[in-house]
Amino acid sequence: MRPRHLRRRGALAAAATTLAVLCAGQTLAAPRAAAAPVPTAAQESRTPTASEVHAAEDTAARAIAAALTDPAWRASVRQAALTSDEVAVTALADGALRTTLATADRRIAAAKGLAPDVGPLLRLRLGDPSMRGALTAGTQPWVAAATSDDGPVTAYDSRGRTHMLDARKAPARPVYVVDIDGSRALAAGLDVLHEELALRGVRSADPAPEPKQARASAAAAGFWTSRITAVSLSDDQEPWIKGDAEIYTLVTGFGHDGKVRVDPVDMPYLDDDGTVYRPRQILVNWSSYKYNLADAVMMEEDGSTNYRDLAKAIAAVLLTVTDQGAYVPLVNAVLDAIPDDWWTDDPDYVDSWYTLARTDDGTRYGARGNGWMTLEPYFVQEL
């Protein structure tokens, strides 16, 4: 599942501004002008990050295809691909192939700003369920790296020859797709995001309460939250080569110290578009915020996200936003922090929600119309 993305930044800015006008009493920062902005360090690093990740995946795909000449290993991979949605292919390999895949894993981790000990990130999966019959019957599979755009797919056979495939129509021949373990990458990436934001002065974890707050907390014996009772993202028609996206949400607002804070929330259950999920997940912990309002920006881990660069970009913009004694929506600030080239090909932005309130009890639709969430006030009681 890959939520439908905007391909033009200007359209997003216009939609956000229109929504801002409807928020009575609220003042939004003006979106960027349509003119091309001066590239930032994060912008300049985005393209190399995506290129490096894809190059590592492509190297792995070539090596795996060549190794399929070994009948025993080919049978092991076929069995694993037919019985599992994702195969930890590095662990399945041995000898020179394992060395090649381990090197590719380290390249990907470095490109994404993750620690080298994050563990194997490469995964192998069957490109489409329609390929199961041919694979079971013994048809020799090709191998392709997952792509971040809608162009032709390059697949390799065991003799090293390339085959160009239509990204919109799954081929009859089985194709193994080499991709990234999005769950593992996102979990490690959110840790990096939290650490980098904290280093740059943006809080993203519950601070120790001030004495007055501590007394209030003790008296209340708990804290109020907003809990997601249902959530869904719109249907789309995405290429067969792309796998499930890993979704997370950046909740933003002002902390008790009057400074902007960002709290990442992992949403690993959002696998399929057009499906209603009922996670009963806490989205906002209101004890962390000064005001009765917060914003939410939903993002996806698309395989080429560098979390250190994302943290730097967000911190650079949010630290310029100051508490004026009244709540200021922060969605535009977060969106402006995202480098412009992240809005092309396979962007990370999914949808956003302005001015969520502690008392919200019902369905809220995203500003882009790509998703909705049903929220309820939920009091977390101390044991």
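Arg62 is partly exposed, with a relative accessible area of 45%, where buried means under 20% relative accessible area, exposed over 50%, and partly exposed in between (1.4 Å probe, protein chains only). The side chain of Arg62 meets that of Asp58 in a salt bridge, at 3.3 Å from N to O; the term stands for a side-chain nitrogen of Lys or Arg within 4 Å of a carboxyl oxygen of Asp or Glu. Asp58 counts as buried, at 17% relative accessibility. Because Asp58 and Arg62 are 4 residues apart in helix α2 (residues 41–67), about one helical turn separates them. Helices (H or I, at least four residues) and strands (E, at least two) are DSSP runs, numbered from the N terminus.

The model is predicted, so local features need pLDDT of at least 70 and side-chain atom pairs count only at pLDDT 80 or more, while totals for chains, interfaces and linings use all residues. Residues are numbered from 1 along each chain as its sequence is written, and side-chain values use heavy atoms, with hydrogens and water left out.

The protein chain as a whole comes next. The protein chain contains 10 helices and 13 strands. It has 383 residues, of which 51% count as buried. Its accessible surface comes to about 16700 Å², and 53% of that belongs to carbon and sulfur atoms; accessible areas come from the Shrake-Rupley method with a 1.4 Å probe, and for residues only the protein chains shown count as cover. Of the contacts (heavy atoms within 4.5 Å) between residues at least 6 apart in sequence, 77% join residues at least 24 apart.

The structure holds 13 salt bridges, and the pair in helix α2 described above is one of them. Another is formed by Arg123 and Asp181, whose closest N and O atoms are 2.8 Å apart. This pair links distant parts of the chain: Arg123 is in strand β1 (residues 122–126), Asp181 is in the loop between β5 (175–180) and α7 (182–199), and the two positions lie 58 residues apart in sequence numbering. Arg123 is buried, with a relative accessible area of 11%, and Asp181 is buried as well, at 10% relative accessibility. Arg123 and Asp181 also belong to a network of salt bridges that includes Arg184.

A further salt bridge joins Glu196 and Arg200, with the closest N and O atoms 3.4 Å apart. Glu196 is buried, its relative accessible area being 8%, whereas Arg200 counts as partly exposed at 35%.

The loop between β8 and β9 contains Tyr277. Tyr277 counts as buried at 16% relative accessibility. Leaving aside residues up to four places away in sequence, Tyr277 touches Thr229, Ala230, Val231, Tyr269, Leu270, Asp271 and Asp272. One of these, Val231, is 46 residues from Tyr277 in sequence and 5.3 Å from it in space, C-alpha to C-alpha.

Arg280 is also placed in a loop, the one between β8 (260–267) and β9 (281–285). Arg280 is exposed, with a relative accessible area of 53%. Its phi is near 55 degrees, a positive value in a residue other than glycine. Thr355 likewise has a positive phi without being glycine, with a value near 45 degrees. Thr355 lies in strand β11 (residues 349–357) and counts as buried, at 16% relative accessibility.

Asp272, a contact of Tyr277, belongs to a patch of negative charge on the surface, together with Asp85, Glu86 and Asp244. Patches are made of residues with over 30% relative accessible area and no salt bridge, like charges being joined within 9 Å and nonpolar side chains (Val, Leu, Ile, Met, Phe, Trp, Tyr) within 5 Å. Lys and Arg count as positive and Asp and Glu as negative, with His and the chain ends not counted; the place of a charge is taken as NZ of Lys, CZ of Arg, CG of Asp or CD of Glu. Within the patch, Asp85 lies in the loop between α3 (71–83) and α4 (89–92) and counts as exposed, at 71% relative accessibility.

Thr322 lies in the loop between α9 (307–318) and α10 (331–337) and is partly exposed, with a relative accessible area of 45%. Thr322 and Phe254 are 68 residues apart in sequence, and their C-alpha atoms are 8.9 Å apart in space.
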